[in-house]
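Dear colleague,

Please find below the structure I promised to hand over. My notes on what was found in it follow directly after.

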4 protein chains.
Amino acid sequence: MPLTDKSQPKRQKEIMDAAAFVFAHKGFHGASTKDIADRLGIKQAGIYYYFKSKEVALSEVCRVGVEEFHDRARDIAASDISAAAKITATIAAHMTPIHEMPDYVEVFHNERRYLSGDARKPVTALALQYEKTLEDMFREGVADKTFRADLDCRLATLALLGLCNSVLQWYRGENISQINEIARKYAEIVVGGVRQP
Amino acid sequence: MPLTDKSQPKRQKEIMDAAAFVFAHKGFHGASTKDIADRLGIKQAGIYYYFKSKEVALSEVCRVGVEEFHDRARDIAASDISAAAKITATIAAHMTPIHEMPDYVEVFHNERRYLSGDARKPVTALALQYEKTLEDMFREGVADKTFRADLDCRLATLALLGLCNSVLQWYRGENISQINEIARKYAEIVVGGVRQP
Amino acid sequence: MPLTDKSQPKRQKEIMDAAAFVFAHKGFHGASTKDIADRLGIKQAGIYYYFKSKEVALSEVCRVGVEEFHDRARDIAASDISAAAKITATIAAHMTPIHEMPDYVEVFHNERRYLSGDARKPVTALALQYEKTLEDMFREGVADKTFRADLDCRLATLALLGLCNSVLQWYRGENISQINEIARKYAEIVVGGVRQP
Amino acid sequence: MPLTDKSQPKRQKEIMDAAAFVFAHKGFHGASTKDIADRLGIKQAGIYYYFKSKEVALSEVCRVGVEEFHDRARDIAASDISAAAKITATIAAHMTPIHEMPDYVEVFHNERRYLSGDARKPVTALALQYEKTLEDMFREGVADKTFRADLDCRLATLALLGLCNSVLQWYRGENISQINEIARKYAEIVVGGVRQP
DNA sequence: AATGAATGAGTGTTCATTCAT
DNA sequence: TATGAATGAACACTCATTCAT
């Protein structure tokens, strides 16, 4: 049993983490493969043992960054709670990847547009499914009269997503309770508004 | 004042527009000075007649992109209307630059982080003032009991900004009434929530 | 009138000559763009002002290398002399580019195979036309009974070409009479054979 | 002697064949050690078990490619037949390696120039001996008046070699009778010329 | 108001080679 | 008899920038 386990899956994750970090902090085009290698303590050429190209590295990071959201929302949508509760739960669920793997999420948001058409397609598909799942929650709430009858569900979805994703731009929290608190307050605003009821 | 003023100010704006367009569509690091020159129909070296460096071009675009917001919000804050009306008006005002000069705004949002410290400072300062003006509106609303007493004004500000800015990611509207409609619906959600009152 | 005329067409030819020289002596894949630049006394990046890519440089050199042959043979074929005289004249004509621009010819022969399909096509087309013109000379000689009735004209063409091109591998002559002498002797062998008549 | 000898000699030949194939098709500098490894179904690093370096592989392939010619010509030169018959026999003999191991021969012709001085020397020595053996045949023919008295034997040798080697550039025959037919026709041209006697 | 010609630094990528296993 | 992991050197090519004109 060696002291440092350098077996494949773990090492692969280290490489991905380094790529995600560098892409998130410098942008895809502002980041060099040397930046990634430096973070790993290997030489630049060494990363080509793990990734066929810089762009493939980007697409992998993006894929990981979006998968989390989709999986969580689907479970919530299938659960047996009220529409308002689903929205609240989804906001909370949305915060988890932002807290746990902010680099991947940031790269998915800001850098996926630099993927060439073929590499961008599967990533975009997952993102669209997530949007659709959310929109259906709003429709459900309108249908059972929990939400206002005149609510523009498409716009509400986009609003919710914009709201939640903007957290990425300033949140650098360290313990999970902070992000849960944010999620709670955001849910209050979206569901009940800021006005005195 | 000649009828067709082809002198510096007009040409200068064309250069800025080209830079804003290219930075917005390809990102600062993904854009080359040749891309800008191509859009202007001149050769690469020609743009150095107008800008000392690529980074200076970026900082100019960013400055223009943020100034609009700040100016409009200050006027609204000074006006003699209710806090809720101010928020509603600010949302509408926020949409105008997004509609009229989306490239500048997008560059300010996504690319200002690539400015070196010194060039970023004045731009960031304006952005912070804008945030502060907004936050004060929420505080005013809490003080006069229009808004919930337990409202986290800092978070509400960030939420509002995230919400409004996210419009940039999908809005490609052509007439002004579309964006006004969006502003109205967003204001309803923020002020009153999605729930059936 | 400047002392050193650096005007475009002349400079372009200097670049081509350098590329031809380097490709001929080191092979396309063995040659680096730095080798070409060094020969020109400029830095490596400088050659990209003249050529879009290393491969385009190769295709240009190949095109120039083959054009000469084709043009000369066509004129001889159209002239009003006997078939045997045409063959003799063609052999002499074939030697001229080998003497005057051996680098281009060598690159055409040895390196054109490294051109990608699209770039290779026009070059190959010219080469095939040259072959056809030659073959027709042999057919003419068989038709008018100058040449043996059982002569395999296709094979004779390939033989003649192989014979003439092989000169490239050892000839490094300096004055034109040497190559003319070689041409004369080769013509004797092809037309009359080595045997005592 | 085991029936199926899977030990070194056979495997070594497979490796050489793979190297010869790849060098012949892509050129020495255009070929990578990975290309060779792929053809063998092993990983890149694996070929270093068989060859100390890529260049050693090239020199081996070249040596095998030239040995054949030399051995065959020596036997013919020593035989008790006329000079014309020797030339005819040598042309036929020259075709055999071209038919049976074209990759090796092609590599010897086109790529041996990329060998460094020390590695090229033994290969060149064999080639020169072959040339000398051929030239002596022509001299013999001139001496016994079979061939024209004014024949330039050095040039005739070079011509013959150029003629025969050019077959490599287009011949991709499958049965031995084809190449024998070519050899016969070439011998006719060289010995008797193309003219009607 | 712009261009032609170049440069120096850097970028992504390939490749021959090594070495422990 | 090979492979996994890496390295160092090279490579084609891009790019921001300069400067004489």
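In this predicted model, a base nitrogen of DNA strand F is placed 3.4 Å from an N or O atom in the side chain of Gln44(B). Chain B also reaches the phosphates of that strand: a polar side-chain atom of Tyr48(B) lies 2.7 Å from a phosphate oxygen of DNA strand F, and a backbone N or O atom of Thr33(B) is likewise 2.7 Å from a phosphate oxygen of DNA strand F.

Taken as a whole, the surroundings of DNA strand F comprise 31 residues, and the closest of them are Tyr49(A), Tyr50(A), Tyr48(C), Lys43(D) and Tyr50(D). Of the strand F atoms that come within 4 Å of the protein, 68% belong to sugar and phosphate. When the residues of this surface are sorted by class, 14 are nonpolar, 11 are polar and six are charged.

Turning to the other strand, DNA strand E is surrounded by 31 residues, with Tyr48(A), Lys43(B), Tyr50(B), Tyr49(C) and Tyr50(C) as the closest. Here sugar and phosphate make up 70% of the strand E atoms that come within 4 Å of the protein, and the surface near the strand divides into 14 nonpolar, 11 polar and six charged residues. Several individual contacts to the phosphates of strand E may be worth viewing in turn. A polar backbone atom of Lys43(B) is 2.6 Å from a phosphate oxygen of DNA strand E, while in chain A a polar side-chain atom of Lys54(A) lies 2.7 Å from a phosphate oxygen of that strand and a backbone N or O atom of Ala31(A) lies 3.2 Å from a phosphate oxygen of the strand.

As for the protein itself, chain A contains eight helices and zero strands, and its C-alpha trace spans about 60 × 35 × 30 Å along the principal axes. Of the 197 residues in chain A, 48% are buried, and the accessible surface of the chain comes to about 9900 Å², with 54% of that area on carbon and sulfur atoms. Among the contacts in chain A with a separation of 6 or more, 69% are made by residues 24 or more positions apart.

Why is helix α5 of chain A, residues 102–111, largely enclosed by the rest of the structure? Seven of its 10 residues are buried, and therefore the helix is described as largely enclosed. The buried residues of α5(A) are Asp103(A), Tyr104(A), Val105(A), Glu106(A), Val107(A), Phe108(A) and Glu111(A).

Finally, the interfaces between chains. The contact between chain B and chain A involves 41 residues of chain B and 41 residues of chain A, and the two chains bury about 3400 Å² between them, 58% of it on carbon and sulfur atoms. On the chain B side, Arg148(B), Leu155(B) and Val194(B) supply 20% of the area buried against chain A, more than any other three residues. For chain D and chain C, the contact takes 41 residues from each of the two, and about 3400 Å² is buried between them, with 58% on carbon and sulfur atoms. Within chain D, the residues that lose the most area to chain C are Arg148(D), Leu155(D) and Val194(D), which together account for 20% of what that side buries. By contrast, chain A and chain D do not touch, their nearest C-alpha atoms being 13 Å apart, and chain B and chain C do not touch either, with their nearest C-alpha atoms 13 Å apart.

With best regards

Note on methods:
Residues are numbered from 1 along each chain as its sequence is written. Chains are lettered from A and ligands numbered from 1 in the order in which they are written. This is a predicted model: local features need pLDDT of at least 70, side-chain atom pairs count only at pLDDT 80 or more; totals for chains, interfaces and linings use all residues. Side-chain values use heavy atoms; hydrogens and water are left out. A residue is near a molecule or strand if one of its heavy atoms lies within 4 Å of it. A polar contact is a pair of N or O atoms within 3.5 Å; within protein, one must be able to donate a hydrogen and the other to accept it, and residues adjacent in sequence count only if both atoms are side-chain atoms. Ala, Val, Leu, Ile, Met, Phe, Trp, Tyr, Cys and Pro count as nonpolar, Asp, Glu, Lys and Arg as charged, and the others, Gly among them, as polar. Helices (H or I, at least four residues) and strands (E, at least two) are DSSP runs, numbered from the N terminus. Buried means under 20% relative accessible area, exposed over 50%, partly exposed in between (1.4 Å probe, protein chains only). Contact means heavy atoms within 4.5 Å. Accessible areas come from the Shrake-Rupley method with a 1.4 Å probe; for residues, only the protein chains shown count as cover. Buried area is the accessible area (1.4 Å probe) that two parts lose on being put together, summed over both.
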